[in-house]
Structures are given as structure tokens and as C-alpha cells.
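Colleague: I've just opened this one and I'm new to it. Could you walk me through what's there?

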Amino acid sequence: MDIQKFADQIRYYTMKELANLGFGHFGGSLSIVETLAVLYGKVLNVSPERKDDPDRDYFVLSKGHAGPALYATLFLKGYFDEKILFSLNQNGTNLPSHPDRIKTPGIDMTTGSLGQGISAATGIAKGNQLLGKENFTYAIVGDGELNEGQCWEAFQFAAHQKLDHLIVMIDDNKKQLDGYTTDICDPFDFVEKMQAFGFNSWRVNGADVKAIEAAIIQAKQTNGKPTAIVLDTVKGQGVSYFERLADNHHVRPDEAGKAAISEAINTLAQKIEVENQ
């Protein structure tokens with residue numbers, strides 16, 4: 001699979017489902033597109049046919065407000081059809097604003113209460129370790145989400161338990177709901193902090209699918225420690241309008257914004273058409 005092409009498709013459908021809804025978490029969904037492309041296009045041992053297989057890899061989107069990007073990914077992988085994708089966050093939907101493992105095929109853990117997803121991922125990894133399994137647990141956590149103390153309790157536990165089949169990916173997009181992370185509660189250096197908590201940790205370009213894949217390959221070769229990959233990303237990544245927008249966490253676009261979103265969707269569609277030729 002061409003992972004960059006897959007990322008472009010995920011970004012396109014993420015934009016389309018949110019545009020169809022008319023509002024939503026554009027910024028934080030777009031910043032994890034490349035990471036989702038690598039995970040679901042190259043790394044995760046999962047498929048729609050064996051979505052309940054206990055020996056599969058597990059994935060937890062701890063920053064659950066980025067659910068639209070995960071839904072676009074699952075749609076492209078065949079977990080459900082386009083009609084369901086475009087029911088995002090509407091009455092009776094199986095795609096609520098934040099992932100729900102009961103409602104949505106392919107979701108391993110219900111998330112959205114920030115800080116809790118990473119604890120659940122740690123528990124999944126520990127459970128599989130106790131069962132002697134070799135499958136991996138992956139989690140994406142937000143940089144703003146790491147204001148939550150619960151995350152650091154989970155990290156300390158993971159390192160103490162030597163959960164080397166747990167790979168945490170920190171979406172360091174520099175912003176959270178109320179502004180820049182450095183202004184709200186300076187996170188300092190995530191790599192140094194994760195290393196201090198007993199993790200292997202390094203920083204990669206979160207827009208480079210090859211760099212993300214290489215980092216995961218390296219993480220999977222580690223013994224005795226969990227790994228934290230710090231993704232250097234931009235909130236709204238890959239769509240210039242959202243990259244420049246100051247308040248790009250949850251957006252209800254005005255008419256100018258709707259026009260910019262439509263233009264971005266058309267640009268992505270053209271790019272995908274060229275890639276398919």
C-alpha cells in the first residue's frame with residue numbers, strides 16, 4: 001500500500017465528513033492523519049474480518065475528539081460503508097463525536113474523557129502481557145491531554161511493568177482547546193519527560209509517513225521498556241486554512257470558512273485523482 005496516498009485519502013474523507021456535519025474537531029483530527037495511515041496501512045495486525053480476534057493488535061485513540069480521522073480510516077479499510085461515515089455525530093449514528101467500542105466496528109476502547117484512554121491502553125497491554133501474548137497495543141495521546149495527571153500515573157505503571165509491547169504516540173501539535181500548550185501549561189520537553197518516566201522516547205516528524213514507520217519499527221525491537229514516539233505535528237496539518245486558523249480546535253465555520261473548506265476538499269480530491277492515474 002502507498003502510505004502517503006492512504007494519508008491523502010484519510011484527510012480527504014475526514015474533511016468531507018466534518019464538512020457534511022457542518023462543524024467539529026478539524027484541527028486535532030488532521031494532525032494525526034499520517035500516523036493513522038502508517039498504523040492502519042502498514043503496522044497494525046488488524047482487519048474487518050477479525051476485528052474481535054483476541055490476538056490482534058489493539059489501538060486506543062486516547063484523544064477521542066479526533067474520532068473523525070479514525071472513522072475515515074476505518075471506512076477506507078472496509079469496517080463500514082460511506083453512508084455510516086456521513087452519519088457522524090447525528091441522531092441514531094454509530095459514529096458519535098468520540099469513539100465508542102459498542103457502537104462502532106473497529107474501535108477497541110471508548111474514549112473522550114481526556115486522560116483515561118492511555119490508562120485503558122496500559123491495562124490492555126498489561127492484560128496481554130499476563131496472557132503471554134505477543135500482540136502490540138498502540139495509543140495516540142494529545143499534548144494538551146497530558147495536562148491530566150492520570151496520564152503520568154499510567155506511564156509510571158507501564159514502565160514499572162516493563163510493557164515493551166505498548167507504544168504510545170504523543171501528538172505534539174502545540175495547541176489545545178484554549179490556545180498554545182506552552183501558554184496554558186508548559187509541557188517542556190516530552191522526550192526528556194518520557195525518558196525520565198522509564199520509556200524509550202524520541203521525536204519524529206509527524207507529517208512524514210516514512211519517519212513514523214521507521215520509529216514504530218524501532219519501538220517494536222525494544223525489550224523491557226514501553227516506547228513513546230513524540231510526533232512533531234501542526235494542528236490542522238495538511239490543510240493550510242486550518243493550519244493558519246488561530247482557533248482550530250473545534251470549528252463552526254462561517255461562510256468564508258465553508259468556502260475555504262470546500263476548496264481544500266476539491267484540492268485533495270484532485271491530488272488523489274492524480275495519484276490514482
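Modeller: Sure, we can go through the sheet, then two loop residues, then the salt bridges. Keep in mind that this is a predicted model.

Colleague: Okay, the sheet then. How many strands are there, and in what order?

Modeller: There are five strands in an open sheet, ordered β1-β2-β3-β7-β6, and the pairing is parallel.

Colleague: Which strands sit at the edges?

Modeller: Those are β1, residues 58-61, and β6, residues 200-205. Each of them pairs on one side only.

Colleague: And what holds paired strands together in general?

Modeller: Strands of a sheet pair through backbone hydrogen bonds, in either a parallel or an antiparallel way. Here the pairing is parallel.

Colleague: By what angle are neighbouring strands turned against each other?

Modeller: On average it's 20°, with direction ignored.

Colleague: Does anything pack on that sheet? I mean, which strands does helix α6 touch?

Modeller: Helix α6, residues 116-130, packs on the sheet and touches β1, β2 and β3. Its direction makes about 165° with that of β2, which covers 137-142.

Colleague: Let's look at β7. How many bridges join it to β3?

Modeller: Six bridges join β3, residues 166-172, to β7, residues 227-232, and the two run parallel. If you want a spot to click on, Met169 stands opposite Ile229 in β7.

Colleague: What about the pairing of β7 with β6?

Modeller: β6 and β7 pair in the parallel sense, over six bridges. Take Ser201: its bridge partner in β7 is Ala228.

Colleague: How does the chain get from β6 to β7?

Modeller: The chain goes through helix α10, residues 209-220. That makes a β-α-β crossover, and this crossover is right-handed.

Colleague: Why would you call β7 largely enclosed?

Modeller: Because five of the six residues of β7 are buried, the rest of the structure largely encloses that strand. Buried here means under 20% relative accessible area.

Colleague: Switching topic: what's up with the phi of Asn89?

Modeller: The phi of Asn89 is near 60°, a positive value in a residue other than glycine. Asn89 is in the loop between α5, residues 82-85, and α6. With a relative accessible area of 33%, Asn89 is partly exposed.

Colleague: And Phe188, where is that one?

Modeller: Phe188 lies in the loop between α8 (181-185) and α9 (190-196). Phe188 has a positive phi of about 60° too, although it is not a glycine.

Colleague: Is Phe188 buried or exposed?

Modeller: Exposed: the relative accessible area of Phe188 is 66%, and the cut-off for that word is over 50%.

Colleague: On to charges. How many salt bridges does the count come to?

Modeller: The count comes to 11 salt bridges. One of them is between the side chains of Lys133 and Asp55, at 3.5 Å, N to O.

Colleague: Where do Lys133 and Asp55 sit in the chain?

Modeller: Lys133 is in the loop between α6 and β2, and Asp55 is in the loop between α3 (33-43) and β1. They're 78 residues apart, so this pair links distant parts of the chain. Lys133 is partly exposed at 22% relative accessibility, and Asp55 is partly exposed at 42%.

Colleague: What does Lys174 form a salt bridge with?

Modeller: With Asp232, the closest N and O atoms being 2.6 Å apart. Lys174 lies in the loop between β3 and β4 (175-176) while Asp232 is in strand β7, so the pair ties together parts 58 residues apart in sequence. Lys174 counts as partly exposed at 29% relative accessibility, as does Asp232 at 33%.

Colleague: Which residues are linked with that pair in a network?

Modeller: Asp172 and Arg203 join Lys174 and Asp232 there, in a network of salt bridges.

Colleague: Last thing: how far apart in helix α12 are Glu255 and Lys258?

Modeller: They are three residues apart in helix α12 (residues 255-276), so about one helical turn separates Glu255 from Lys258. Their side chains meet in a salt bridge at 3.5 Å, N to O. Glu255 counts as exposed at 60% relative accessibility, whereas Lys258 is partly exposed at 43%.

Definitions and conventions
Residues are numbered from 1 along each chain as its sequence is written. This is a predicted model: local features need pLDDT of at least 70, side-chain atom pairs count only at pLDDT 80 or more; totals for chains, interfaces and linings use all residues. Side-chain values use heavy atoms; hydrogens and water are left out. Two strands pair if DSSP finds at least two bridges between them. Helices (H or I, at least four residues) and strands (E, at least two) are DSSP runs, numbered from the N terminus. Axes are lines fitted to C-alpha atoms, for helices over the stretch in contact, and angles run from 0 to 180 degrees between N-to-C directions. Contact means heavy atoms within 4.5 Å. Buried means under 20% relative accessible area, exposed over 50%, partly exposed in between (1.4 Å probe, protein chains only). A crossover is right-handed if, with the strands pointing away from the viewer, the path from the first strand over the helix to the second runs clockwise. A salt bridge is a side-chain nitrogen of Lys or Arg within 4 Å of a carboxyl oxygen of Asp or Glu.
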